[in-house]
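Trainee: I should like to take a close look at the charged pairs in this model and at what surrounds them. Please treat the matter as one connected account.

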Amino acid sequence: MHLFDLLKSKNIKVTEIPYWGIYFRNRWEERFVFHLSQLQKEEIHLYGNRYFCGYLWHVFSYDRRPHLYAHEAIQAFNEVKKAKCYIFYQHSADVILVEQADVLEAANFTEEDDVYIVDEAFTWTFVVTHERDYGPYFCKA
């Protein structure tokens, strides 16, 4: 993981948690997409692997949940208190735990695609997408 090595090179305490990506994506969905029915989730292409389907962040790009966008999202992420954070990806089985995460800034994620950052209790999320016209997003649960 490029990000793992980058954070480690900055003397940030990181731990790789292999094979937990599915669990974290499911937990993210439970916290940030719980208000949508199964049909509504299908309408915004939350699931699937065809075309533009299968991205959790569609809940924001389809405006189905209040969120901050672009510069406001970056500012909110940079200012939010971060003790421990988890970093996971839309298409990866691995998760990164960052301890003493207050050193994390949005700039750490500019080269990442479809990455989700959450605090330990999933009370907020910061999302950087592969689509540069969409995101980043910041949302409180």
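Are Lys-41 and Glu-29 buried or exposed?

Mentor: In this predicted model, Lys-41 and Glu-29 are both buried. The two residues form a salt bridge with each other, and their closest N and O atoms are 2.8 Å apart. Lys-41 belongs to helix α3 (residues 38-43) and Glu-29 to helix α2, so that this pair links distant parts of the chain, twelve residues apart. The term buried stands here for a relative accessible area under 20%.

This pair is one of four salt bridges that the structure holds. Another joins the side chains of Glu-99 and Lys-13, with an N to O distance of 3.9 Å. Because Glu-99 lies in strand β4 (residues 95-99) and Lys-13 in the loop between α1 (2-9) and β1, this bridge ties together parts that are 86 residues apart in sequence. The cut-off for a salt bridge is 4 Å, and the value of 3.9 Å for Glu-99 and Lys-13 should be read with that in mind. As for its surroundings, Lys-13 is partly exposed, at a relative accessible area of 47%.

A further salt bridge is formed by Arg-132 and Asp-113, whose closest N and O atoms are 2.8 Å apart. Arg-132 is placed in the loop between β6 (124-128) and β7 (137-140), and Asp-113 in the loop between β4 and β5 (115-119); the pair therefore ties together parts that are 19 residues apart in sequence. Asp-113 is partly exposed, with a relative accessible area of 38%.

Arg-132 also leads to the largest pocket, since Arg-132 is among the residues that lie nearest the centre of that pocket, together with Thr-110, Val-128, Gly-135 and Pro-136. The pocket has a volume of about 160 Å³, and 13 residues line it. By class, the lining divides into eight nonpolar, three polar and two charged residues.

The surface offers a further feature to set beside these charged pairs. Tyr-19, Trp-20 and Tyr-23 make a nonpolar surface patch of about 420 Å². Within this group, Trp-20 is found in the loop between β1 (14-17) and α2 (21-32). Trp-20 is partly exposed, with a relative accessible area of 43%. Helix α2, which follows that loop, is also the helix that holds Glu-29, the buried partner of Lys-41.

Notes
Residues numbered from 1 in each chain as written. Predicted model: local features only at pLDDT ≥ 70, side-chain atom pairs only at ≥ 80, totals over all residues. Heavy atoms only, no water. 1 Å grid on protein atoms, 1.4 Å probe; cavity = no way out; pocket = protein on both sides within 12 Å on 5 of 7 lines; lining within 4 Å. Points joined across faces, edges and corners; volume = space filled by probe spheres on them. Nonpolar A, V, L, I, M, F, W, Y, C, P; charged D, E, K, R; others polar. Patch = residues over 30% accessible without salt bridge, like charges linked within 9 Å, V, L, I, M, F, W, Y side chains within 5 Å. Areas by Shrake-Rupley, 256 points an atom, 1.4 Å probe, with all protein chains shown as cover. Helix = DSSP H or I, 4+ residues; strand = E, 2+ residues; numbered from the N terminus. Buried < 20%, exposed > 50% of the residue type's maximum accessible area, 1.4 Å probe, protein only.
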